[in-house]
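Dear colleague,

I am handing over the structure below, and I would be grateful if you could keep it open beside this message while you read. My notes on side-chain contacts follow it.

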Amino acid sequence: MNSTPSTGYMWVIKSMGSGLEKKSSDFIPPSTQMPGAGGKQVFVLDAKSVGTQVVDLAYRRSWEKEDAYQAKVEIDVTAP
């Protein structure tokens, strides 16, 4: 997901289906050296059970109460 942590904004998982487990989160920096340029934030999830799993995410600064954006991702797991 597009992310710009140099401005304080990062994606966080607010909730996810019980059939998923977060393994890691990583940031891939931009290819440009331009200040404030965004990169990609990648979440690696491990499927524990078959079925549709929902992940609710928020793009926010850790010190602010309001989310700048919210996203919902549905993942259809066919084999754990």
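**Aromatic rings and salt bridges**

Y69 has a relative accessible area of 54%, which is over the 50% cut-off, and therefore counts as exposed. Please bear in mind throughout that the model is a predicted one.

Y69 belongs to a cluster in which ring pairs link Y9, W11, Y59 and Y69, and a search of the whole structure finds three aromatic pairs. A pair of aromatic rings is described by how far apart the centres are and by the angle of the planes, and I give both values for two of the pairs here.

In the pair of Y9 and Y59, the ring centres are 5.2 Å apart and the planes stand at 20 degrees, so this pair is stacked. The contact joins distant parts of the chain, since Y9 sits in strand β2 (residues 9-16) and Y59 in strand β5 (residues 51-61), 50 residues apart. Both Y9 and Y59 are buried, and for Y59 the relative accessibility is 9%, which is why Y59 is placed in that class.

The rings of Y59 and Y69 have their centres 6.0 Å apart, with an angle of 35 degrees between the planes, so this second pair is tilted. Because Y59 lies in strand β5 and Y69 in strand β6 (residues 69-77), the pair ties together parts that are ten residues apart in sequence.

Turning to charged side chains, the structure holds seven salt bridges. One of them is formed by K48 and E21, whose closest N and O atoms are 3.6 Å apart. K48 lies in the loop between β4 (39-47) and β5, while E21 lies in strand β3 (residues 20-28), so that this salt bridge ties together parts 27 residues apart in sequence. K48 also meets D46 in a salt bridge, at 3.1 Å from N to O, and a network of salt bridges links E21, K23, D46 and K48.

As for exposure within that network, K48 is partly exposed, with a relative accessible area of 45%; E21, at 33% relative accessibility, counts as partly exposed; and D46 is partly exposed, with a relative accessible area of 26%.

Finally, R60 forms a salt bridge with D67, the closest N and O atoms being 3.5 Å apart. Here the two partners fall on either side of the 20% cut-off for buried residues: R60 counts as partly exposed at 23% relative accessibility, whereas D67 counts as buried at 18%.

With best regards

Note on methods:
Residues numbered from 1 in each chain as written. Predicted model: local features only at pLDDT ≥ 70, side-chain atom pairs only at ≥ 80, totals over all residues. Heavy atoms only, no water. Phe/Tyr/Trp six-rings, centres within 6.5 Å; stacked < 30°, edge-to-face > 60°. Helix = DSSP H or I, 4+ residues; strand = E, 2+ residues; numbered from the N terminus. Buried < 20%, exposed > 50% of the residue type's maximum accessible area, 1.4 Å probe, protein only. Salt bridge = Lys/Arg side-chain N within 4 Å of Asp/Glu carboxyl O.
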